[in-house]
Amino acid sequence: MLFFSFFKTLTNQTVTIELKNDIRIRGILKSVDQYLNIKLDDIEVLDLAKYPHLSSVKNMFIRGSVVRYVMLPRSEVDVGLLEDATRRGELRIVP
């Protein structure tokens with residue numbers, strides 16, 4: 001739940017997602033939920049030669065448990081918000 005609010009601030013931004021099966025997808029982040037399930041629009045598969053069957057897919061819902069990485073454009077990341085969310089998460093863990 002720590003990064004859920006952070007990802008909500010990135011809606012309508014372009015992100016690249018790498019799945020656990022090595023497929024990399026770039027698209028516009030439309031929604032994210034508390035399980036980090038992600039909905040992307042206007043997707044582009046970065047290794048299209050390797051996965052030609054995905055060439056006609058334009059929208060995708062990705063289950064959070066299959067995501068390896070979410071790569072964000074540096075210019076779109078609010079570093080202060082991310083650091084603040086991390087600190088708040090650490091404070092909750094301390095007994």
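Colleague: How many bridges join strand 1 to strand 2?

Modeller: This is a predicted model, so a local feature needs pLDDT of at least 70 and a side-chain atom pair counts only at pLDDT 80 or more, while totals for chains, interfaces and linings use all residues. Residues are numbered from 1 along each chain as its sequence is written, and side-chain values use heavy atoms, without hydrogens and water. Two strands pair if DSSP finds at least two bridges between them. Strand 1 and strand 2 run antiparallel, and the number of bridges joining them is five.

Colleague: What pattern does the protein follow along the sequence?

Modeller: Helices (H or I, at least four residues) and strands (E, at least two) are DSSP runs, numbered from the N terminus. The protein has two helices and five strands. Read along the sequence, they give the pattern α-β-β-β-β-β-α.

Colleague: In what order do the five strands form the sheet?

Modeller: Strands of a sheet pair through backbone hydrogen bonds, either parallel or antiparallel. Here the sheet is open and the pairing is antiparallel. The five strands stand in the order 4-3-2-1-5.

Colleague: Which are the edge strands?

Modeller: An edge strand of this sheet pairs on one side only. The edge strands are strand 4 and strand 5.

Colleague: By what angle are neighbouring strands of this sheet turned against each other on average?

Modeller: Axes are lines fitted to C-alpha atoms, for helices over the stretch in contact, and angles run from 0 to 180 degrees between N-to-C directions. For the sheet average, direction is ignored. Neighbouring strands are turned against each other by 40°.

Colleague: Which residue of strand 5 does Thr 16 stand opposite?

Modeller: Strand 5 covers residues 67–71. Strand 1 and strand 5 pair in the antiparallel sense over four bridges. In strand 5, Thr 16 stands opposite Met 71.

Colleague: Why is strand 1 said to be largely enclosed?

Modeller: Buried means under 20% relative accessible area, exposed over 50%, and partly exposed in between (1.4 Å probe, protein chains only). Strand 1 is largely enclosed by the rest of the structure because its buried residues number five of six.

Colleague: Which residue in the turn between strand 1 and strand 2 has a positive phi?

Modeller: Most residues other than glycine have a negative phi. The two strands form a hairpin with four residues between them. One turn residue is partly exposed, with a relative accessible area of 41%. Its phi is about 75°, and the residue is Asp 22.

Colleague: Where does Asn 12 lie?

Modeller: Asn 12 also has a positive phi, near 70°, and is a residue other than glycine. Its place is in the loop between helix 1 (4–8) and strand 1 (14–19).

Colleague: Which strand gives the most to the largest nonpolar core?

Modeller: A nonpolar core is a set of buried Ala, Val, Leu, Ile, Met, Phe, Trp, Tyr and Cys residues joined through side-chain atoms within 4.5 Å. The largest has 19 residues, and Ile 17, Leu 19, Ile 23, Ile 25, Ile 38, Leu 40 and Ile 62 touch the most other members. Helix 1 and strands 1, 2, 3 and 4 each supply at least two residues of this core. The most, four residues, come from strand 3.

Colleague: Which residue's side chain makes a polar contact with the side chain of Arg 26?

Modeller: A polar contact is a pair of N or O atoms within 3.5 Å; within protein, one must be able to donate a hydrogen and the other to accept it, and residues adjacent in sequence count only if both atoms are side-chain atoms. Arg 26 lies in strand 2 and counts as partly exposed at 31% relative accessibility. At 3.4 Å, its side-chain partner is Thr 16.

Colleague: Is Asn 37 buried or exposed?

Modeller: Asn 37 lies in the loop between strand 2 and strand 3. A polar atom of its side chain lies 2.7 Å from the backbone nitrogen of Gly 64. Its contacts (heavy atoms within 4.5 Å), leaving aside neighbours within four places in sequence, include Phe 61, Ile 62 and Gly 64. At 14% relative accessibility, Asn 37 counts as buried.
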